[in-house]
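Colleague: Please take a close look at one part for me: the largest pocket. Which residues line the largest pocket, and which of them lie nearest its centre? Then follow the chain outward from there.

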Amino acid sequence: AEIIRDTLIEVDPEHAADYAANTEAYLSQLEQLDGEIQATINEIPQNRRVLVTTHDAFGYFAHAYGMTVAGFVTPNPASEPSLAERKRLTQTIRDLKVPAVFLEPNLVSRSSTLVEVAKEQGVQVCPIYGDAFTKEVHTYINMMRFNARSLRDCLTQNNSTPEGEQQRRIRRQDD
C-alpha cells in the first residue's frame, strides 16, 4: 500500500494528500484486521492449529498467527503429487489427527489427491483462499477474514462433515 501510495504521488503530485489519507485509512483497516484474525485464531485450541492444504502457500499466515503448516500435497500446485507425497500426507493427517484439510476453491479440479486422502481419513475438506477471488471473497480483507473464520470453524469441530456436504461447501465458495 505504501509503495502504491508513493508511486501515485510521484506520477500525480496534485492528489498527494488524497493518496496519503486513503493509504492511512487502509493501513488502519489492516491493523484492525490483524487483531481480529489473531482473536479468531486464538479460538482454535493450540493442539488443533494445524494447517494441511494442497501446497505450501500459507506459511506466512501460519507463522504470523501461531499455526503450523503440518502438511501439503505437493510443493507446487501445478505438479501431480507423487505416491510418496500422498503417503506422507496420509501419515500426517493420521498422526496429528487433524479434523480438516483446506482446499482453495479454484484448485478443486486439480486437487483430487487431497480430497481422496481426506475422505479416506474421515476428515472434512474446508475452503481457504490464496490467490483467487469469488463473489463472496472479493478483497484482501474479505479473504483474510474468511480464511481465519474457516480455519476456526473447521479446526474446532469434533465431527467430520459427510462427503457430499464437503463438496457442496467447496463448490459454494467457488460460485
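Modeller: The lining of the largest pocket is made by 20 residues. Nearest the centre lie Ala 57, Phe 58, Tyr 129, Gly 130 and Asp 131. Keep in mind that this is a predicted model. The space in the pocket comes to about 250 Å³.

Now sort the lining by type. Nonpolar residues number 13. Four are polar and three are charged.

Next, the elements behind the lining. Helix H3, residues 59–64, and helix H6, residues 140–155, each give two or more residues. H6 supplies the largest share, with five residues.

Start from H3. This helix belongs to a right-handed β-α-β unit, together with strands S1 and S2. S1 covers residues 50–53, and S2 covers residues 68–72. The two strands run parallel, and four bridges join them. One such pairing sets Thr 53 against Phe 72 in S2.

Look at the side chains of S1. In a regular strand, side chains alternate between the two faces of the sheet. Val 50 and Val 52 point one way, while Leu 51 and Thr 53 point the other way. Every one of these four is buried.

A second pair of strands can be read in a similar order. Strand S3 spans residues 100–103, and strand S4 spans residues 124–127. S3 and S4 run parallel too, joined by four bridges. Ala 100 faces Gln 124 in S4. Between the strands, the chain passes through helix H5, residues 112–121. This β-α-β crossover is right-handed.

S3 is covered on both faces. Ala 100 and Phe 102 are buried on one side. Val 101 and Leu 103 are buried on the other.

Finally, go back to the stretch before S1. Helix H2, residues 16–42, is linked to S1 by a loop, and Pro 45 lies in that loop. Is Pro 45 buried, exposed or partly exposed? Its relative accessible area is 38%, so Pro 45 counts as partly exposed. The cut-offs explain this: buried means under 20%, and exposed means over 50%.

Pro 45 also brings us back to H6, the helix of residues 140–155. The C-alpha atoms of Pro 45 and Leu 155 are separated by 8.3 Å. Along the chain, these two residues are 110 residues apart.

Notes:
Residues numbered from 1 in each chain as written. Predicted model: local features only at pLDDT ≥ 70, side-chain atom pairs only at ≥ 80, totals over all residues. Heavy atoms only, no water. 1 Å grid on protein atoms, 1.4 Å probe; cavity = no way out; pocket = protein on both sides within 12 Å on 5 of 7 lines; lining within 4 Å. Points joined across faces, edges and corners; volume = space filled by probe spheres on them. Nonpolar A, V, L, I, M, F, W, Y, C, P; charged D, E, K, R; others polar. Buried < 20%, exposed > 50% of the residue type's maximum accessible area, 1.4 Å probe, protein only. Pairing = 2+ DSSP bridges. Right-handed = clockwise from strand over helix to strand, strands pointing away.
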